[in-house]
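Student: Hi! I've just opened this one and I'm a bit lost. Could you walk me through it?

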Amino acid sequence: MKIFIDGKEIEASEGASVLDAALEAGVFIPHLCSHPDLEAKGGCRLCSVEIEGMEGAHPACKTEVTEGMKITVNGPEAEKVRKTAMELILATHPADCTGCPKYGKCELQSMYQYMGVSPERWRKKSRAVPNDESNPLISHLFTRCVRCGRCIRACQEMRGVKILDYIKTGAGIRAGVPDGKSLAEAGCRFCGACIEVCPTGSIMDAFNLMKPERTYEENVVPCRSTCPAHIDIPEYIRAIKEGNFDKAAAIIREKVPFPETLGSVCTRNCESNCKRGELNSPVSICRLKRAAATVESGAWKERVRKDPATGKKVAVIGAGPSGLTGAYYLAKKGHDVTVFEKNAKAGGQCRYGIPAYRLPDELLDREISTILEAGFELKTSEAVEEPSKLLDEGYDAVLVSIGTHQGTKLPIDGNDLEGVYVNADFLKAAREGNPLPVGEKVMVLGGGNVAYDCARTAIRQGAKEVHIACLENLQQMTSSEDERKEGEEEGVILHAAHSFLRITGDTKATGVELQKVNKFYFDENRKAIIELEEGSNQIIDVDNVIFAVGQKPSGTEKMGVELTHGPYIAAKDHATSVEGIFASGDVVTGTRSVIEAIAGGREAAIAIDKYLGGDGDISEVLTDREAPEKYIGRVEGFAGLERTEAEIMSADKRKCGFDAIEKPLTCEQAKCEAGRCLQCDLRTTISKVKLWNEY
Amino acid sequence: MNSTEKIKGLKEDQCVVDVLLKEVENHPCKDCGKCVFGYEGITQLEMILKDITEKKGRSADKDLLNDLCHMMKTQSLCEDGEEIADAVKEALNTYGEIFDEHISKKGCRAGVCKKFMTYHILASKCVGCGECMDVCEDDAILGKIKFVHVIDLSECTLCGKCMNACDEDAIVMAGAKKPKCPTKPIPCKR
């Protein structure tokens, strides 16, 4: 129907309020207590308008449009009501905007500046209440509350959690949790809808969660934004909660071709950033991924991208997670891809670096054969030393993703004695079934996860006493807590904060001399400073020493591309110094993680596709998305729900062989664990309120 | 009885501003908060009326109250806001002069608003004991033993301690009508 606002004809839909019709048509009417996603209440009266044939001022949010209605926004009556309402709100609101965290983003501030009013003619009194920052996720700063009731409506009607309400306090009425309960006690779901709809700075995300280097949405959904491949984590967890494992797997596969591998060995940036972790412990995002990958039926395969053949040929050197990911997406884009792998099997570090008890061969075989379904050729036991030769042979582009497979030794006495190994060789030999022999006692030097991989492999190879020594103290060590715990259970003896001075022995290693480290840090020039404790030297007798102090690429010096930091390939947006030759994964970034290698492989595929004349769009939609349920309801004790851990083999059994030590979560366990998710992404679907200057 | 009826049935010993303030202080709008004109309106009414009863009224206050009540009447979300607005309007219409007297600091005609009262020592009852002088923290009482004490109204802060200290009931409070008292200490008659 037609209505007229200040003489301008506007199309309005039947049943709409005058306010919604006006805003929809791009005509601004001031408003504060109304929100596009919440039922209008008409409490603030900032949207007062005059309507021909009706006396006085009327709230536009509560007035339904009628055919031919003539509305005046700034008539004298309406203007007087609007200004008085704003004056009254300001009279009890803290006057100093500049100290407020919402400064510049506050609807109240924007609105009073637009209206140009001040509360000077009224009595002024701020209703000060102490800030409540006891909750690690949501801060209550109710001195700034203007009683618009938006948070209350969001919590009650939109979410059905029903814990926020108007409460009476010594300083007056305001929004809050009744009966003096904390958010956790009241059964809050921490969905953040209250934060999202608060027009002022009364309910805010806890200050330390909002990292200035990230965008607002990245801060709101940190699991997704800190995942190098940006897997839509909240969405797949929701699918698991609903028991839809196929959908979950499809969502994961939209971003990564190695869900089961990642579900077993990922470094889990997402979990370190999971907001649930602030309440008790993070959602088991990684193991949920594994659960979905284990039971899914492959329904996603019907929807995979398969662009028409481009006639372009791409060679990939190295079939690790980065190379295979690159090949997978390039093949989908219609390129003719061949992967050359030096080793007998594909998988890279996943195959030859990570021990089988963490990532069994069957799992990798299964996952890689699915990847190969994308349609590219894999040539194993075929090393390529010079990528430019491939260009000469007719390939249009080459991706070098050879990883970092050469272990390094520290320059200490005895490092070349018999019985001294390096991580990469030791672990690879174990996976190839030709283990390097170990004696009764073994010392691993290094404090990362690879050191634990070596130590735990040595135990499985029959060593009776396995030590780990590293410069770092427990807080500085880069190995995960789980690794340390499981290693300790298997008998690993840790010497944290110890320097290794030399390896003793004449021809064969017999021991390692250690000295206690009092302080170990890097100074402002990134130089390692080590303060040793006098007289704390000891020699630990061992038969073997394994260096686990880092790995580097090998053979890059012969590749004819520009290198950096020694043997690493210098690449800008994955392009090397030689046209047509690209690089990704550890060989560029240094030894990182499977997920970063995969993310690098994706980006390299985009870069190469564009280089070959494509649009670089490798995105896939492998399942239907429905809008998530907004009405989530209250769950008593939600904040305290404990993390579900996967079943793990006992240490005694683990030590006896290389069988996988951890079972996937059962479907029931996974559904239960998924129920712990805060659904941080839910609030991103709430409509953003446009400020007047955006009309 | 609602607030308007209370204003209409005001007795001579009641002060309209005081009665209105008490109605406002106990009004349901204070416990609601769901609309700006009801909640912020009642808050302003309370602060303005309180100032008026405490001799801190401002010349614009009557206009402010009128303006506010007009909008509370038409823009509140429920009848509670309208009801108190009616009472304030009734009071302003019927007893405008009383408001003026308070705001111009002339006095509280009914002798109810404490800040408009003065303390006096009756010469007929004072025995010149000095008790009131001892308790006065503002040194506002003049006199000596066996002399009728006199309160210096320019120094008196109306704390009321002297009244409690006097065993002879010689100290009285007065509103508009002041008792006749000596202006400086004179020998006691008793």
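Student: Let's start with chain A. How many helices and strands does chain A have?
Tutor: Chain A has 25 helices and 27 strands. Keep in mind that this is a predicted model.

Student: Okay, and what does the C-alpha trace of chain A span along its principal axes?
Tutor: The trace spans about 105 × 65 × 50 Å.

Student: What share of chain A's residues counts as buried?
Tutor: Of the 695 residues in chain A, 51% count as buried. As for contacts with a separation of 6 or more, 71% of those in chain A come from residues 24 or more positions apart.

Student: Which domains does the assignment give for chain A?
Tutor: It gives domain 1 (2–104), domain 2 (127–210), domain 3 (216–301 + 623–682), domain 4 (305–405 + 553–611) and domain 5 (406–552).

Student: How many residues do domain 4 and domain 5 of chain A each bring to their contact?
Tutor: Domain 4 of chain A brings 13 residues and domain 5 of chain A brings 12 residues. On the domain 4 side that touches domain 5, there are 6 nonpolar, 6 polar and 1 charged residues. The centres of these two domains of chain A, taken over C-alpha atoms, are 31 Å apart.

Student: Switching topic: I'm looking at strand β21 of chain A. Why does it lie largely in the open?
Tutor: Strand β21(A) covers residues 528–532, and of its 5 residues the number buried is 0, so it lies largely in the open. A residue needs 20 or more other C-beta atoms within 10 Å of its own to count as buried.

Student: Which strand is joined to β21(A) by bridges?
Tutor: That is β20(A), residues 511–522, joined to β21(A) by 5 bridges, and the two run antiparallel. One of the pairings puts F520(A) opposite its bridge partner I530(A) in β21(A).

Student: And what do β20(A) and β21(A) form?
Tutor: They form a hairpin, with 5 residues between the strands. In the turn, R526(A) has a positive phi of about 60 degrees.

Student: Now chain B. How many residues from each chain take part in the contact with chain A?
Tutor: There are 20 residues from chain B and 21 residues from chain A.

Student: Which elements of chain B give two or more residues to that side?
Tutor: Those are α3 (36–53) and α4 (61–75) of chain B. The most comes from α3(B), with 9 residues.

Student: What kinds of residues are on chain B's side, by class?
Tutor: The side of chain B that touches chain A divides into 11 nonpolar, 6 polar and 3 charged residues.

Key
Residues numbered from 1 in each chain as written. Chains lettered and ligands numbered in written order. Predicted model: local features only at pLDDT ≥ 70, side-chain atom pairs only at ≥ 80, totals over all residues. Contact = placed C-beta atoms within 7 Å. Helix = DSSP H or I, 4+ residues; strand = E, 2+ residues; numbered from the N terminus. Nonpolar A, V, L, I, M, F, W, Y, C, P; charged D, E, K, R; others polar. Buried ≥ 20, exposed ≤ 12 C-beta atoms within 10 Å, placed from the backbone. Pairing = 2+ DSSP bridges. Domains from an automatic or database assignment.
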